[in-house]
Amino acid sequence: MSSLTARPLHQLELNTLSHVPDAYAWSALNDLPYGDDVVPVVDLASPDAVGLIGRACEEWGAFQITGHGIPLHLLDRVEAQTRLLFSLPTAQKLKAARGPGSLSGYGLANTSSFYSNIFWSEGFTIIGSPYDDARKLWPEDYEEYCCVMEEYNRLIKVLSGRLLRSMMLSLGLHEEDMDWAGLLSKADPVLQLNYYPVCPEPDRAIGIAHHTDSSFITILYQSSGESGLQLVHREDAAGPARWVTVPPRRGALVVNVGDLCEIVFNGRIRSVMHRAIVNRTQTRVSVAYFCGPPRQFNVAPIEKLVGPNERPAYRAMSWPEFLSLKRKLYNKTLEYLRSSEEEAEDHKNTSEMANQK
């Protein structure tokens, strides 16, 4: 996640606009063709769930899940509280605006600082407890919002550990190869609430531009109705790389593979490029849970996934170092880490050849 761009927050008022201002206009939205592929749906209650998750991760880097154990009534309450927050007057929302250097609170999407144009969306980030920012929004009536978000955080954190263990098992690893429960218990939960107003010219605007997530995985709830999430299905036998829309399914959640999983699983699965589009008829919301590590985590491939005569596909670094690199290189971070490791291997081979002469 990157730092908030220094743009005036009054520019977030979009509901009253009858056209897309130049600052919000995007010209490269059709950089790839569009496909009609269907993102895999995995029922976690199925005995084949681990294999299906592994296949979806390798082929797509994303999948939808059902049978996940989060009650439908809680998902409905999460959506209702998210809509309630963004329906507040702008002046009220600004009371919880992100301060300089802060990642929590109200403002533009954290990825917006990498682009000159502005996203057609608003965001609200919850890191750890929701209470501090909620009291700024509802000084007398914040309990319902906080209780809902805390309960959702608690259940989604358990679900994220379950999904990560399934991904490990699909790769032939065992639970002792990485202590997900220990890792996740030390990390602050991060929830990102997103709001996409109706747009008078949706072909000229973008809700959130294309990016990969820094997390291990991201678990996304989408409001029903109009589709908004699109992801890149990499080139395969069916055709070139293409944008694929992920329509919302009642009660289902979307799982996106993030950068950390690509690294710790040594490139056996890849993080997925994705974005959010807008429409002219229906306001959308989504809620993303970013499953990340504690600050002291060492970002490096699991040794068992590196062959005996091979170097890791990515060089190791600390989690703060990785985030710093991501803030500089953004979507080119993993490519840089792969190329730097390849250069190290080439240098090693050249040195060995020279010593043999």
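**Notes on the cavities, sheet and helix packing**

1. Three nonpolar, four polar and three charged residues make up the lining of the largest cavity. Bear in mind that this is a predicted model. The largest cavity holds about 50 Å³ of space. Its lining consists of Leu72, Asp76, Tyr221, Gln222, Ser223, Ser224, Pro248, Arg249, Arg250 and Gly251. Two elements, α2 (72–86) and β8, give two or more residues each to that lining.

2. How many cavities of 30 Å³ or more are there? The count comes to two. The second largest cavity has a volume of about 40 Å³, and its wall is built from Gln64, Leu220, Tyr221, Gln222, Pro248, Arg249, Ala252, Leu253 and Val254. Here β8 and β11 each supply at least two residues, with the largest share, three residues, coming from β8. By class, the lining of the second largest cavity splits into six nonpolar, two polar and one charged.

3. If you click through both linings, a few names will come up again. Tyr221, Gln222, Pro248 and Arg249 are among the residues around the largest cavity, and Tyr221, Gln222, Pro248 and Arg249 are also among those around the second largest cavity.

4. Now the sheet. Eight strands make an open sheet with mixed pairing, and the order is β2-β3-β11-β8-β13-β6-β5-β4. The edge positions go to β2 (41–43) and β4 (105–107); each has a single partner strand, so one side of each has no neighbour in the sheet. From one strand to the next, the twist averages 25°.

5. One pairing to look at is β6 (residues 190–196) with β13 (residues 284–291). These two strands run antiparallel and are joined by seven bridges. For a handle on the register, Leu193 sits opposite Val287 in β13.

6. Which helix packs on this sheet? That is α5 (residues 143–170), which touches β3 (62–66), β5 (122–127), β6, β8 (217–222), β11 (253–257) and β13. The direction of α5 makes about 130° with that of β8.

7. Helix α5 also has a helical partner. It packs with α1 (residues 49–59) at an angle of about 85°, the axes being 8 Å apart. The pair therefore counts as roughly perpendicular. On the α1 side the contact uses Val50, Ile53, Gly54 and Cys57, and these meet Leu163, Ser166, Met167, Leu169 and Ser170 in α5. Charged or nonpolar? The contact of α1 with α5 has six nonpolar, three polar and no charged residues.

8. Last, an open site. The second largest pocket has a volume of about 430 Å³. It is lined by 22 residues, and Thr212, Arg270, Ser271, Met273 and Asn331 are the ones nearest its centre. Both α7 (259–264) and α9 (333–356) put at least two residues into the lining of this pocket, and α9 gives the largest share, four residues. By class, the lining of the second largest pocket has nine charged, eight nonpolar and five polar residues. For the contact of α1 with α5, by contrast, the charged count is none.

Definitions and conventions
Residues numbered from 1 in each chain as written. Predicted model: local features only at pLDDT ≥ 70, side-chain atom pairs only at ≥ 80, totals over all residues. Heavy atoms only, no water. Pairing = 2+ DSSP bridges. Axes fitted to C-alpha atoms, helices over the stretch in contact; angles between N-to-C directions. Contact = heavy atoms within 4.5 Å. 1 Å grid on protein atoms, 1.4 Å probe; cavity = no way out; pocket = protein on both sides within 12 Å on 5 of 7 lines; lining within 4 Å. Points joined across faces, edges and corners; volume = space filled by probe spheres on them. Nonpolar A, V, L, I, M, F, W, Y, C, P; charged D, E, K, R; others polar. Parallel < 35°, antiparallel > 145°, perpendicular 65-115°, else oblique.
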